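Subject: Structure for you to look at, with notes

Dear colleague,

I am passing on the structure we spoke of, and I would be glad if you would open it and keep it beside you while you read the notes that follow.

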Amino acid sequence: MGKVMLADGIYWVGAIDWNIRNFHGYSTHKGTTYNAYLIVDEKVTLIDTVKAPFYGEMVSRIEEIVPLDKIDYIIANHAEMDHSGSLPMILRDAPNANLVTLQKFGEANLRKNLHLDCDITPIKEGDELPLGKRTLTFVPTPMLHWPDSMVTYLPGDNILFSNDAFGQHIASSQRFDDELGLDTIMPEAEKYYANILMLFGDLITRTVDKLSGIEIDMIAPSHGIIWRSHLEAIISAYAAWGRGDTSNKAVVIYDTMWGSTEKMARAIAEGLASEGVEVKLYSLTSTDRSDVIKEVLDARALLVGSPTLNNGMFPSVAGFLCYLKGLKPKNKIGTTFGSYGWAGGGAQLARAELEQAGVEIIDSNLNFKFVPDKEELDECVEFGKAIAGRIK
Ligand code: FEO
């Protein structure tokens with residue numbers, strides 16, 4: 001598969017990582033892409049690069065269009081290595097290229113990450129870069145995903161090169177949303193947002209507001225497919241996710257040693273479902289935490305179950321809650337539950353972590369010794385019904 005044209009003189013020249021299954025701890029069941037774009041005008045401009053091992057793949061696509069020594073500018077929208085990793089090689093092989101990046105944090109982060117000693121042209125919001133018939137403009141989007149993040153906008157063609165924002169981890173031979181289909185793309189966009197951007201919901205809201213002032217016909221992110229037919233779907237989804245909108249849904253997350261905490265989890269889920277609430281139930285032994293976090297994004301209630309192990313939380317539950325705390329989900333209610341043997345503590349410790357994650361804690365005392373009996377499981381069912389009453 002070669003270069004792909006977005007518009008006259010504008011090309012996708014990125015790389016497809018079909019086999020990656022773990023992206024710094026995020027499970028990428030469908031692989032990913034590293035998208036780079038080439039604009040051919042009086043000045044030839046490369047927007048972003050690819051992860052270092054994929055440099056050759058990017059270069060082969062660029063060389064279908066122009067030789068490397070024709071590149072005048074390389075725009076680095078973000079210093080993270082999945083986009084900047086090929087900069088040392090392309091700067092070596094494209095001797096006439098001038099590296100352009102955000103003044104605030106961009107230059108410093110690129111130099112520290114990649115140990116670059118070349119000249120860098122710093123830009124700031126409102127700066128313009130004339131290319132000939134076209135002119136690029138830049139919008140800083142700090143913390144989407146790093147302090148150095150920015151997006152590049154091409155007026156006239158109305159293309160937003162959005163870097164991490166609006167991305168998805170999908171490897172595919174198709175490049176556009178209308179080729180792959182929303183049913184395939186949106187769950188991956190949601191998982192991407194939940195795991196990469198949920199922490200920055202307020203910033204997302206401000207960015208969506210800021211971008212609403214410019215005319216956009218195409219969003220070309222740095223991962224996954226390019227949006228050209230379903231822009232409203234992804235922009236309105238980002239607005240909802242940024243606000244922390246929730247649905248009539250509860251997620252029951254647990255791990256278990258001898259099945260007791262699992263019995264409780266299933267009983268709570270039964271109570272929730274009996275009242276018409278959508279329930280998702282996940283064992284942290286069976287399901288990767290980044291898949292669970294996707295389901296947390298729009299859930300109203302989180303019920304977390306932990307057995308007690310060595311007077312503490314079960315390690316998989318502790319790890320999940322550590323991850324959750326970092327992502328700071330919005331607008332959740334929840335509590336914890338669990339079985340113990342001789343001394344409790346797992347569920348109580350988990351509750352403190354859940355509270356620190358920003359979840360509004362519902363009073364409960366679902367801590368049962370060894371194997372829960374029918375009466376105790378009935379209590380779990382009733383608790384599930386009570387939670388349903390809080391979220392419907
Ligand atoms: Fe896709 Fe923050 O890098």
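A pocket, as the word is used here, is an open set of points on a 1 Å grid over the protein atoms alone, with protein on both sides within 12 Å along at least five of seven lines, and its lining residues have an atom within 4 Å of a point. Please bear in mind throughout that this is a predicted model.

The largest pocket has a volume of about 310 Å³, and 18 residues line it, with Met257, Thr308, Tyr340, Gly341 and Trp342 lying nearest its centre. Helix H9, strand E20 (308–309) and strand E22 (333–340) are the elements that give two or more residues to this lining. Ser260 is found in H9, which covers residues 260–274, and Ser260 counts as buried because its relative accessibility is 6%, where the limit is under 20%. Apart from neighbours within four places in sequence, Ser260 has contacts with Ser339, Phe370, Val371 and Pro372.

One of those contacts, Phe370, deserves a second look, since its phi is positive, near 50°, although the residue is not a glycine. Phe370 sits in the loop between strand E24 (367–369) and helix H13 (374–391), and with a relative accessible area of 48% it is partly exposed. For context, most residues other than glycine have a negative phi. Asn331 likewise has a positive phi, of about 60°, without being a glycine; it belongs to the loop between H11 and E22 and counts as partly exposed at 42% relative accessibility.

As for enclosed spaces, there are two cavities of 30 Å³ or more. The largest cavity has a volume of about 60 Å³, and its lining consists of Met198, Ala240, Trp241, Gly244, Asp245, Leu297, Pro329, Lys330 and Lys332.

Turning to the helices, H6 (residues 182–197) has twelve of its 16 residues buried, and it is therefore largely enclosed by the rest of the structure. Charged side chains are not absent from that buried set, which includes Glu188, Glu190 and Lys191 as well as Ile185, Met186 and Leu197. The cover over the buried residues of H6 includes strand E5 (26–27) and the helices H5 (177–180), H7 (201–211), H8 (231–243), H10 (289–296) and H11 (315–327).

Helix H4 (residues 106–114) has Gly106, Leu110 and Leu114 buried, and these residues fall within an arc of 30° when seen down the helix axis, so they line one face of H4. An α-helix has 3.6 residues a turn, so residues three or four places apart point the same way. Among the elements that cover the buried residues of H4 are E9, helix H2 (81–84), helix H3 (87–93) and strand E10 (98–102), and the helix is followed by His115, whose phi is positive, near 55°.

Last, there is strand E8 (residues 44–47), from which Val44 and Leu46 point one way and Thr45 and Ile47 the other, all of them buried. With strand E7 (residues 37–40), E8 pairs in the antiparallel sense over four bridges, Val40 standing opposite Val44, and a hairpin joins E7 to E8 through three residues. With strand E9 (residues 71–76), by contrast, E8 pairs in the parallel sense, over four bridges, and Leu46 stands opposite Ile74. The chain passes from E8 through helix H1 (residues 55–62) to E9, in a β-α-β crossover that is right-handed.

With best wishes

Technical notes: Residues numbered from 1 in each chain as written. Predicted model: local features only at pLDDT ≥ 70, side-chain atom pairs only at ≥ 80, totals over all residues. Heavy atoms only, no water. Buried < 20%, exposed > 50% of the residue type's maximum accessible area, 1.4 Å probe, protein only. Contact = heavy atoms within 4.5 Å. Pairing = 2+ DSSP bridges. Right-handed = clockwise from strand over helix to strand, strands pointing away. Arc of directions from axis to C-beta. 1 Å grid on protein atoms, 1.4 Å probe; cavity = no way out; pocket = protein on both sides within 12 Å on 5 of 7 lines; lining within 4 Å. Points joined across faces, edges and corners; volume = space filled by probe spheres on them.
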